Structure formats: structure tokens, C-alpha cells
Amino acid sequence: MPDIFIVSDNILSPLGVTTADNFRQLVQDNSGIQLHTDTTLSDQPFYASLFNQSNVFVPITSDTGYSKFENLLIASISNALENSGIKPTDTKTLLIISTTKGNVQLIENHKIDSLLQKRIALYTSAQLVADYFGFVHQPVVVSNACISGILGILTAKRFIQSGLYENVIVAGADCVSKFVLSGFQAFQAVSPEPCKPFDSNRRGITLGEGAATVILSSRSDYRGGIKVMGGAVSNDASHISTPSQTGDELAYVIDTALTQSSFVREDISLISTHGTATVYNDEMEAKAITSSGLGSVPANSLKGYYGHTLGAAGLIESIISVQSLKENLVLPTKGFEQTDMVTPIHINKSLLHTPLQNCLKTASGFGGCNAAIVFGKS
């Protein structure tokens, strides 16, 4: 099967509009999370990483009618395409859109009828974005809770290795809306302070919004970059909102991802965890990582910088992992001070300059879905 290389990428977040901007902010330990008092989103003050209301990254007119969600996708894809050499009009190029909620906020202030149902459908947004760039093929939508971003990359890898395409552009985005925020508040899962992944005083998630794009290709002229080595997904189906407490199913996909990459445990030099700062997720993830024999590998969570960006999280965090490989730099886990894990793992607390070769990225989500992917230097 052909090797899959990362050609280009972009992160669009409250921290910056390019991957370089975002990575620079993380190295400086700057977070996008702030206290907000927006009553259109919540009656109570809440912490989140949100764009300013004045941020419009693609010109919106009455003729286009792009939503904020679509606006973010178009802006992120546009930046990733610059100087990439990849053409959306190429018959060997495909678009994949990753999201969990899309335009769900449209139901908050509009009558739900057949027109609105079509407008909020994920395939409608995907086609609008595809048409903007002139993609030849119908876009593919990947929406599987919080593993959507990683699953989008793995789906792209499989499409390319099948021989159907040479290039796949994977873009993901989600926005914080009253619908989304109130749902997590109903679960009592939102932290009353900025989230603290893996910390003994963690009190829940902090939400965030953003977009990200990764362009993958098997073409020989892109050799020499970071490769997508292997990956896998599973579903433990143990509960509608909490993961299996054993961590066995996440450990399974970690082990499978290593096997697909022809790696042993010692080949992994960095773990980018899901690290949501909820009691159940972090404990389960630590168990899985330990079960896979990776408990001593430097690990971090980026949720303290971005919040949980839902369908964009896997992409944003994968891109930062790739940048970490390039820079040989392990970022800290913002908010983490001490652990109370039954099976503690090596959570990184400060900037660590060290030779890095391969990175494991993990994720888990509602419904019991789990994913793991490995990136490596050529």
C-alpha cells in the first residue's frame, strides 16, 4: 500500500488563523479559554474558548448565505490549500468534512420545517463548501462524536490506499451554541473554571470552537514529510455518554494502531491524549495507555488551551502533534498540577525539548467510540 503523507495543514482558532500562529501561542502557554457572560449562549457565566463576534474569515453576503460553521471550514481549507500544489478540481482529489453538530444552532431561532431540516443537514453544508472550491466529487461527511477528526483522517487514508484517490482534504469544525452548551450543562459536565485535564481537582470539560484542515497525499513529490502510519477505531457500546471504565476498548485500538504501523511500544515518543478533564474519561484513558505499556511515555492534553472543540478536536490536536514532531517539542498540559489516577501516566507539565520520532493520538466519545492514530517522521 502507498505511504500517506501530510502535505499541508491549518488550524483556525481563537489563538490564531494558521498552524504556526497556534503553535507559537501554545509554546508561550497562552490559552483561548476565557470567562464569558453571553446570555444568548447561557444564563450563567461560563468558561469557553470562543471567537470574537467580529471574526468573519470569509466574506459573507446575502448571495452566499454561509453560516459561521461553513465560514470556518472555507477559511481553514483556503489557508491549507495555499502553496500546497493540491487542486480541488483534480479528479483524484476528495473532500471529507468532520463535525459533530454542524449548523444545529439554526434550530434555536427558526421554525423547524422541511427547508430548515435540509439546511441544517450535514450534507448540505458539505456540498456548499465543496461547491465553493469546485470539488469534482461529492464530499464525504464523517460524524462520530468526539473521534470524528481522527476518523476523518483514517477514512482519508483508506480512500487513498484503495486507489480511488491520490489526495484527500480533511476539514473539521464545530461552534459553541446554546444547544451544545446547554446539553453539556444538563450532564453537569461543564467545569466552573478552566478545565484541568488529568489533575486531581478536575471538574469537567470546557468547550471551545475552531476549525482545522489536513491535506493528505500519496504522490511521490510529497515524500519526506510526516506520515500517517496506522490507526484504528472501536466502539465499546457500554453507555450513551460515558466510556467503558476498563479502558480495554481504547487499549485495543492503541495496540491495533501500533501493529498497523509495524511499531513496538518503544517506538512511540509522544502521546497526545483526548484528556477532556472529566473524571471518567481521564481515568479510563490512563488505564488504556498503561494497559498498552505506554504509561512512561510523555503525554499531554491540549484541552486547557483550546477547550473541547468536538468534531474539530481530533484534527486540531493531530496537527499540533505533527508540529511537535517537527519541532522536537512536547507541550505541557495546561491546568495539570498533580494526579490522583489509580493508574498514573506521564503527564507532561512543562515544555520538554527532546528528540521525537513517532506520536500516538487518542480520542474517545459519546456512545463508546474510541480511536487511535500514529504519525511518524519519514
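**Entry 1: a sheet.** I looked up a three-stranded sheet and found that 3 strands form an open sheet, ordered β2-β3-β7, with mixed pairing. I am working from a predicted model. I noted the edge strands as β2 (33–36) and β7 (207–208), each of which pairs on one side only. Next I checked how β2 meets β3 (residues 46–49): the two pair in the antiparallel sense, over 4 bridges. For one register point, I took I33, whose bridge partner in β3 is S49.

**Entry 2: cysteines.** I searched the whole structure for disulfides and got 0. I then asked how far C175 is from the nearest cysteine sulfur. That sulfur belongs to C146 and is 15 Å away, and C175 is in no disulfide. I also checked burial: C175 is buried, at a relative accessible area of 7%. For C195, the nearest cysteine sulfur is again that of C146, here 13 Å away, and C195 is in no disulfide. I logged C195 as buried too, with a relative accessible area of 4%.

**Entry 3: the largest pocket.** I read off a volume of about 670 Å³ for the largest pocket. I found 32 residues lining it, with F184, A189, S241, T278 and F366 lying nearest its centre. Which elements give two or more residues to this lining? I listed α6 (178–186), α8 (279–291) and β14 (358–365). The largest share, 4 residues, comes from α6. I sorted the lining by class and got 14 nonpolar, 15 polar and 3 charged residues.

How values were computed. Residues are numbered from 1 along each chain as its sequence is written. This is a predicted model: local features need pLDDT of at least 70, side-chain atom pairs count only at pLDDT 80 or more; totals for chains, interfaces and linings use all residues. Side-chain values use heavy atoms; hydrogens and water are left out. On a 1 Å grid over the protein atoms alone, a cavity is a set of points where a 1.4 Å probe fits but cannot get out, and a pocket is an open set with protein on both sides within 12 Å along at least five of seven lines; lining residues have an atom within 4 Å of a point. Grid points are joined across faces, edges and corners, and a volume is the space filled by probe spheres set on the points. Ala, Val, Leu, Ile, Met, Phe, Trp, Tyr, Cys and Pro count as nonpolar, Asp, Glu, Lys and Arg as charged, and the others, Gly among them, as polar. Two strands pair if DSSP finds at least two bridges between them. A disulfide is a pair of cysteine sulfur atoms within 2.5 Å. Buried means under 20% relative accessible area, exposed over 50%, partly exposed in between (1.4 Å probe, protein chains only).
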